[in-house]
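Colleague: I should be grateful for a close look at a single part of this model, written for a student in the first year of study. Please set that part in its surroundings as you go.

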Amino acid sequence: MTSPELALERARQEVVRRRDAGEYADDLGGFRIEPVVELTTEKLLEWALIEPDIERVYSTRRWGRPITAFKRALIWATRQYHGQVYGEQTRFNHHVTIYAGQYRDRVRELEQEVARLSGRLDRLERSTRDHDPPDPA
Amino acid sequence: MIVHQLLSGAGPVDAVTGQARQFRDLFDRWGWRGGDFAAYLDPRMDGAVAPLSGLVAGPGDLLLFHYSAYSPKLTALLELPNPKLLVSHNITPAHYFWDHEPTIAINCAIGRAQLPQFAQAVDLAAGVSEYNTAELRNAGARHTTVLPILFDRDRLPAPGEADRARPPTILCVGRLTPHKRQDDVLRAFALYRRHHAPDARLMLVGEPLTPRYEAAVRELADELAPGAVTIESNLAAAKLWERYRRADALISLSEHEGFCIPLLEAFHFGVPVVARAAGGVPEVAADAALLVDLDEELAVATELLALAISDDELRAELRRRGRARLADYEFERGAQRLREAVESLSAE
């Protein structure tokens, strides 16, 4: 019997033994859950547009059909107000998205500038080292 | 004694709501009064939890905050002069969600950032495990305690005898979310099938983060072990218990756990556990589970699974230790700790 205290060490040894015997050569690293959301400016702009679907208005009650109809009628009756609210929200969202996009572009530019300056600094350091006078000691 | 429980949200299948209702049952048993209120109410709630706007707290009433998500409405209540107890339900770090559900990521990020404000404003801050409580201390809580999740074994059926004359069956219970690492479970299981038991089966049970995330997990399962994995959500309790009875081992490779109730459920059903030593897991499992380090390669978890399934004496020893572990999480013991925590505040 393997005691619970020794199980981990035994498992590690077994992996080594099997690997030496040619097992566990499997590379499963490529099998992964791909990101569902890839945030691009285009995606953000798409999400920024507020356009609710009236089909999502419903009642969760067992006999909720008349309640659903009532809720949808209310929304229809107030569509002018809601249109205005969605418009304001959409405008704000688009501005924020564009603002974020400008920042992202600016960060990229600065990163490139930093990389360019670092390279220049390295070259300068190397050339300074090459021309250092010999140590008198 | 009057205790009001305050939740950021309440829903019929929400674990935090379930815990609050269990607390309320105990409060009723002890003759305490008060109400349960939530900032957001799922329309399917049956009226047991009221909207937060209905809260009327007398000067000496104790406010018990269940903190599990960002909630600006709850924050405002921290200003009240009443005695306050915080029960922190461990918010998952946001980085797990950015690639899959950014809105949840934002909620987690703000929720974790807001934790110090809650921890510092209450008279006593409680975590569900020592790991969780350490987070509260780091967040600046003055007084802390551990209030483990109440585990009521009476609602579980007897373990029953496992049928070993069938392909090895592995169970993984927990929400399908990135931090629970069902992808690692699938990879470890695929290795187990390739190197030990080609006919092995895996049962993944848990609510998915989103339908899209569930589809992605299913796709990965089909690639790694076609036809050998079942994924089930929204299971009735009786069906979940039946899955435990069918299991030869429970695996959890989660990277972030405040407590991990499935460990205790597995101990109850006598199912050996292989788990990643993350968060509160080592504390809850103690010596009753086979734990792998966080950075351990998956093949080691696979070998531990093989041992846990094939070594009958090891299984028996793990079962024995699991039963002993359950004694530490006896329902009445947990209830008594809760009572003492609440009464310590009312006595001040």
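In chain A, where is confidence lowest and where is it highest? Please then take helix α1 (residues 4-20) of chain A as the part to examine.

Modeller: The model is predicted, and confidence is therefore a proper place to begin. In chain A, the lowest confidence is found in helix α2 (residues 41-48), with a mean of 85, and the highest in helix α3 (residues 65-77), at 94. Over chain A the average pLDDT is 88, and 96% of the residues score at least 70.

Consider next the chain to which the chosen helix belongs. Chain A has four helices and zero strands, and its pattern along the sequence reads α-α-α-α. A compact globule of 137 residues would have a radius of gyration near 14 Å, whereas chain A has 32 Å. Along the principal axes, the C-alpha atoms of chain A fill a box of roughly 90 × 65 × 25 Å. Buried residues account for 4% of the 137 residues in chain A.

Now to the helix itself. Helix α1 of chain A holds 17 residues, which at 1.5 Å a residue should span 24 Å; the C-alpha atoms at its ends are 25 Å apart, in agreement with that expectation. Just after α1(A), Gly22(A) takes a positive phi of about 95 degrees.

Which residues of α1(A) are buried? They are Ala7(A), Leu8(A), Ala11(A), Glu14(A) and Val15(A). The spacing of such positions may be read with a general rule in mind. An α-helix has 3.6 residues a turn, so residues three or four places apart point the same way.

The partners of these buried residues lie in the other chain. The buried residues of α1(A) pack against β13 (290-292), α10 and α11 (312-328) of chain B. The contact between the chains takes 25 residues from chain A and 32 residues from chain B. On the side of chain A that touches chain B, 14 residues are nonpolar, three are polar and eight are charged.

One residue of chain B shows this packing in detail. Leaving aside neighbours within four places in sequence, Leu304(B) is in contact with Ala7(A), Leu8(A) and Ala11(A), and also with Val274(B), Leu290(B) and Val292(B). Ala7(A), Leu8(A) and Ala11(A) are among the buried residues of α1(A).

Leu304(B) also has a place in a wider group. The largest nonpolar core has 109 residues, and Leu263(B), Leu304(B) and Leu305(B) touch the most other members. Helix α10 (residues 298-310) of chain B gives this core its largest share, 10 residues. Apart from this core lies another, of seven residues, including Ile91(B), Tyr96(B), Ile104(B) and Ala105(B). A general tendency may be recalled here. In soluble globular proteins, nonpolar side chains tend to be buried together.

It remains to describe the chain against which α1(A) packs. Chain B contains 12 helices and 13 strands. For 348 residues, a compact globule would have a radius of gyration near 20 Å, and the 21 Å of chain B agrees with this. The C-alpha atoms of chain B fill a box of roughly 65 × 40 × 35 Å, taken along the principal axes. Of its 348 residues, 49% count as buried. Among contacts in chain B between residues at least 6 apart in sequence, 66% join residues at least 24 apart.

Helix α10 of chain B also serves as a link to another helix of that chain. What covers the buried residues of α5(B) includes α10, together with β8, β9 (201-205), α6 (211-224), β10 (229-232) and β11 (249-252) of chain B. Because 10 of the 14 residues of α5(B) are buried, this helix is largely enclosed by the rest of the structure. Among those buried residues are Val185(B), Leu186(B), Phe189(B) and Tyr192(B). The end C-alpha atoms of α5(B) are 20 Å apart, and its 14 residues should span 20 Å at 1.5 Å a residue, which agrees.

In summary, the buried residues of α1(A) pack against β13, α10 and α11 of chain B, and Leu304(B), which is in contact with Ala7(A), Leu8(A) and Ala11(A), is one of the residues that touch the most other members of the largest nonpolar core.

Technical notes. Residues are numbered from 1 along each chain as its sequence is written. Chains are lettered from A and ligands numbered from 1 in the order in which they are written. This is a predicted model: local features need pLDDT of at least 70, side-chain atom pairs count only at pLDDT 80 or more; totals for chains, interfaces and linings use all residues. Helices (H or I, at least four residues) and strands (E, at least two) are DSSP runs, numbered from the N terminus. The radius of gyration is taken over C-alpha atoms; the globule rule is 2.2 Å times the number of residues to the power 0.38. A residue is buried if 20 or more other C-beta atoms lie within 10 Å of its own, exposed if 12 or fewer, and partly exposed in between; C-beta atoms are placed from the backbone. Two residues are in contact if their C-beta atoms, placed from the backbone, lie within 7 Å. Ala, Val, Leu, Ile, Met, Phe, Trp, Tyr, Cys and Pro count as nonpolar, Asp, Glu, Lys and Arg as charged, and the others, Gly among them, as polar. A nonpolar core is a set of buried Ala, Val, Leu, Ile, Met, Phe, Trp, Tyr and Cys residues joined through C-beta atoms within 7 Å. pLDDT is the predictor's confidence in each residue, from 0 to 100. The expected span of a helix is 1.5 Å times one less than its number of residues.
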